[in-house]
Amino acid sequence: MTGLDQYVGFLGGAYLWVKAAHLTFVIFWIAGLFLLPRFFVYHHATAPGSAEDRAWIEREGRARSIILGPAMLIVWVLGLALALNIGAFAQGWFHAKLALVVLLTGYQGWLSAYGRKLAKGARPLENRTLRIMNEIPGIATAVIVVLVIVKPF
Ligand code: HEM
């Protein structure tokens, strides 16, 4: 793709603005994905039914409804618009990126389910396991950035 090709899709001159907004919401989304398991580690230390337990349930709910849910949705909508604009569905790097983004979306679903278990008083995982799970968004982000910028295939 040459420098000018990005202006020929249906987004026209808005392409770079959409990409800028895409990246802003990517940052919000990934920040939320880092935040929630941290909250879970602190939440683990509280006794079910205690005031702290209820405070963490509320904080986790707010992080999901104010940051994670909206940011994920906006990243998807803007990302798909960018992809349609540049014909990315025919390109190898985009298939790999899409697979990783589906993984991140699934990870968020898992986090929400885990939060619901904590809210019911269960503490199913060790803190160590949660910290290891927390590597997923970091590694996925590093690989996605290489895929979209270097486009190795
Ligand atoms: C949710 C689904 C997503 C879709 C469909 C999508 C799609 C796209 C597309 C088509 C581009 C334009 C590439 C270009 O102009 O060459 C782009 C840019 C970018 N995306 Fe995404 N994206 C998604 C999520 C993400 C996520 C989760 C991350 C990071 C963790 C990310 C990071 C980036 C970056 C860094 C760029 C800028 C690349 C450049 O400067 O050209 N995207 N995205």
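**View 1. Polar contacts between the ligand and the side chains of Tyr15, Lys19 and His22.** In this predicted model, an N or O atom in the side chain of Tyr15 lies 2.4 Å from an oxygen atom of the ligand. Lys19 also reaches the ligand through its side chain, with an N or O atom 2.7 Å from a ligand oxygen. For His22, the ligand partner is a nitrogen atom, and the distance to an N or O atom of the side chain is 2.9 Å.

**View 2. The iron atom of the ligand and its protein donors, His22 and Lys97.** Which atoms does the protein offer to the iron? They are NE2 of His22 and NZ of Lys97, at 1.7 to 2.1 Å from the metal. These two residues bring together distant parts of the chain: His22 belongs to helix 1 and Lys97 to helix 3, 75 residues apart. Why is the arrangement called octahedral? Six donor atoms surround the iron, and the angles they subtend run from 83 to 176°, which makes the arrangement octahedral. For comparison, ideal angles for six octahedral donors are 90 or 180 degrees.

**View 3. The shell of residues around the ligand.** Take a step back and you will find 22 residues surrounding the ligand, with Tyr15, Lys19, His22, Lys97 and Lys151 the closest. By character, the shell holds 16 nonpolar residues, three polar ones and three charged ones.

**View 4. Helices around the ligand, and the pocket that holds it.** At least two shell residues come from each of helix 1 (15–44), helix 2 (51–86), helix 3 (92–119) and helix 5 (135–150). The ligand takes up the space of the largest pocket.

How values were computed
Residues numbered from 1 in each chain as written. Predicted model: local features only at pLDDT ≥ 70, side-chain atom pairs only at ≥ 80, totals over all residues. Heavy atoms only, no water. Near = heavy atom within 4 Å. Polar contact = N/O pair within 3.5 Å; in protein donor to acceptor, adjacent residues only side chain to side chain. 1 Å grid on protein atoms, 1.4 Å probe; cavity = no way out; pocket = protein on both sides within 12 Å on 5 of 7 lines; lining within 4 Å. Sits in = over half its atoms within 2 Å of the grid points. Helix = DSSP H or I, 4+ residues; strand = E, 2+ residues; numbered from the N terminus. Nonpolar A, V, L, I, M, F, W, Y, C, P; charged D, E, K, R; others polar. Donors = N, O, S within 2.8 Å, 3.2 Å for Na, K, Ca; no water. Tetrahedral: all angles 85-135°; square planar, octahedral: opposite > 155°, others 65-115°.
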